[in-house]
Amino acid sequence: MDSPKLILLFSGKRKSGKDFVTSIIQQRLGGSSVCAILRLSGPLKEQYAKEHGLDFRRLLDASGYKEKFREDMIRWGEEKRNADPGYFCRLIVRDVPQPVWIVSDARRGSDVEWFRCRYQLQTRTVRVQASEQSRRERGWVYTAGIDDAESECGLDQGVAFDWTISNDSDGPLLEEQLERVLRVVRTACSSDTGPQGVQHQ
Ligand SMILES: Nc1ncnc2c1ncn2[C@@H]1O[C@H](COP(=O)(O)OP(=O)(O)OP(=O)(O)O)[C@@H](O)[C@H]1O
Ligand SMILES: C[C@@](O)(CCOP(=O)(O)O)CC(=O)O
């Protein structure tokens, strides 16, 4: 099994900026040769697109396309997860050589448990927070059945996040907040023993 030095599990509501923030972290760490961004929704969207004759690439981007199918994709993914909660987790960690893994879309307690159980020392959790106003400005529209369901609310309680990042244009500077996370990642990467004893700040 591949053994990463550090795994950052990101979660946050729709349009909080998970993709935006994780991509900055990847760039700051030196790009995709050092840091892999893994999406639980990647294999889900790929299989869903195949079965339903959809455009997989467009399901991955930040446009409105994926929103047309979100409710049904959630239902479809939950069927798989109910049968096997680690189904998508196992798929995304296959053959990942980079020392730092970012999972950009943890949504459920079972996602966090899966990583903590297998990579106890390496796993850290990061919450991306944004106001409803910021999220609306980025295109979010409240949708009953999605925004009040497990896919969006599964990690609202029950996880003591190692870091919470505020991603609002009128909030604390993003770069300064990310620097705290980056310091810990760099320390873990430069230590022979990995993240043991590396404290978050
Ligand atoms: N701090 C920011 N400054 C400028 N644009 C931002 C910022 N954060 C997010 N955005 C933009 O807002 C949009 C939504 O962000 P992003 O796709 O990262 O959110 P997300 O949490 O991954 O959303 P979803 O889960 O709904 O796909 C994107 O177009 C992104 O570029
Ligand atoms: C179907 C689903 O994977 C869509 C995720 O899309 P995105 O991370 O918002 O691009 C959400 C879920 O798994 O509950």
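**A walk through the cavity and the two ligand sites**

Ser11, Gly12, Lys13, Ala106, Arg107, Arg127, Ser151, Glu152 and Leu155 form the lining of the largest cavity. Keep in mind as you look that this is a predicted model. The largest cavity holds about 50 Å³ of space, and the count of cavities of 30 Å³ or more comes to 1. Try sorting its lining by class: you should find 2 nonpolar, 3 polar and 4 charged residues. Strand S1 (6–12) supplies at least two residues of this lining, and so does helix H8 (150–153).

Now let us move on to ligand 2. Two residues of the cavity lining, Arg107 and Ser151, also appear in the shell around ligand 2. The other members of that shell are Ser41, Leu44, Lys45, Lys66, Arg70, Met73, Ile74, Arg81 and Arg108. Which helix gives the most to this shell? It is H4, with 4 residues. Helix H4 spans 70–83, and helix H2 (41–52) also supplies at least two residues. By class, the shell divides into 3 nonpolar, 2 polar and 6 charged residues.

Three arginines deserve a careful look here. The side chain of Arg70 has an N or O atom 2.9 Å from an oxygen atom of ligand 2. For Arg107, a polar side-chain atom lies 2.9 Å from an oxygen atom of the ligand. In the case of Arg108, the distance from a side-chain N or O atom to a ligand 2 oxygen is 3.1 Å. How much of ligand 2 does the protein bury? Taken alone, ligand 2 exposes 380 Å², and the protein buries 94% of that. The space that ligand 2 takes is the largest pocket.

Ligand 1 sits in the largest pocket too. Around ligand 1 you will find Lys13, Arg14, Lys15, Ser16, Gly17, Lys18, Asp19, Phe20, Lys66, Arg70, Arg138 and Asn167. Lys66 and Arg70 may look familiar, as they belong to the shell of ligand 2 as well as to that of ligand 1. Helix H1 (residues 18–28) provides the largest share of the shell around ligand 1, with 3 residues. This shell has 1 nonpolar, 3 polar and 8 charged residues.

Finally, follow the contacts of ligand 1. A side-chain N or O atom of Lys18 is 2.8 Å from an oxygen atom of ligand 1. With Asp19 and Phe20, look at the backbone instead: a backbone N or O atom of Asp19 is 3.1 Å from a ligand 1 oxygen, and one of Phe20 is 2.8 Å from a ligand 1 oxygen. Ligand 1 exposes 630 Å² when taken alone, of which the protein buries 74%.

Methods:
Residues numbered from 1 in each chain as written. Chains lettered and ligands numbered in written order. Predicted model: local features only at pLDDT ≥ 70, side-chain atom pairs only at ≥ 80, totals over all residues. Heavy atoms only, no water. Near = heavy atom within 4 Å. Polar contact = N/O pair within 3.5 Å; in protein donor to acceptor, adjacent residues only side chain to side chain. Areas by Shrake-Rupley, 256 points an atom, 1.4 Å probe, with all protein chains shown as cover. 1 Å grid on protein atoms, 1.4 Å probe; cavity = no way out; pocket = protein on both sides within 12 Å on 5 of 7 lines; lining within 4 Å. Sits in = over half its atoms within 2 Å of the grid points. Nonpolar A, V, L, I, M, F, W, Y, C, P; charged D, E, K, R; others polar. Points joined across faces, edges and corners; volume = space filled by probe spheres on them.
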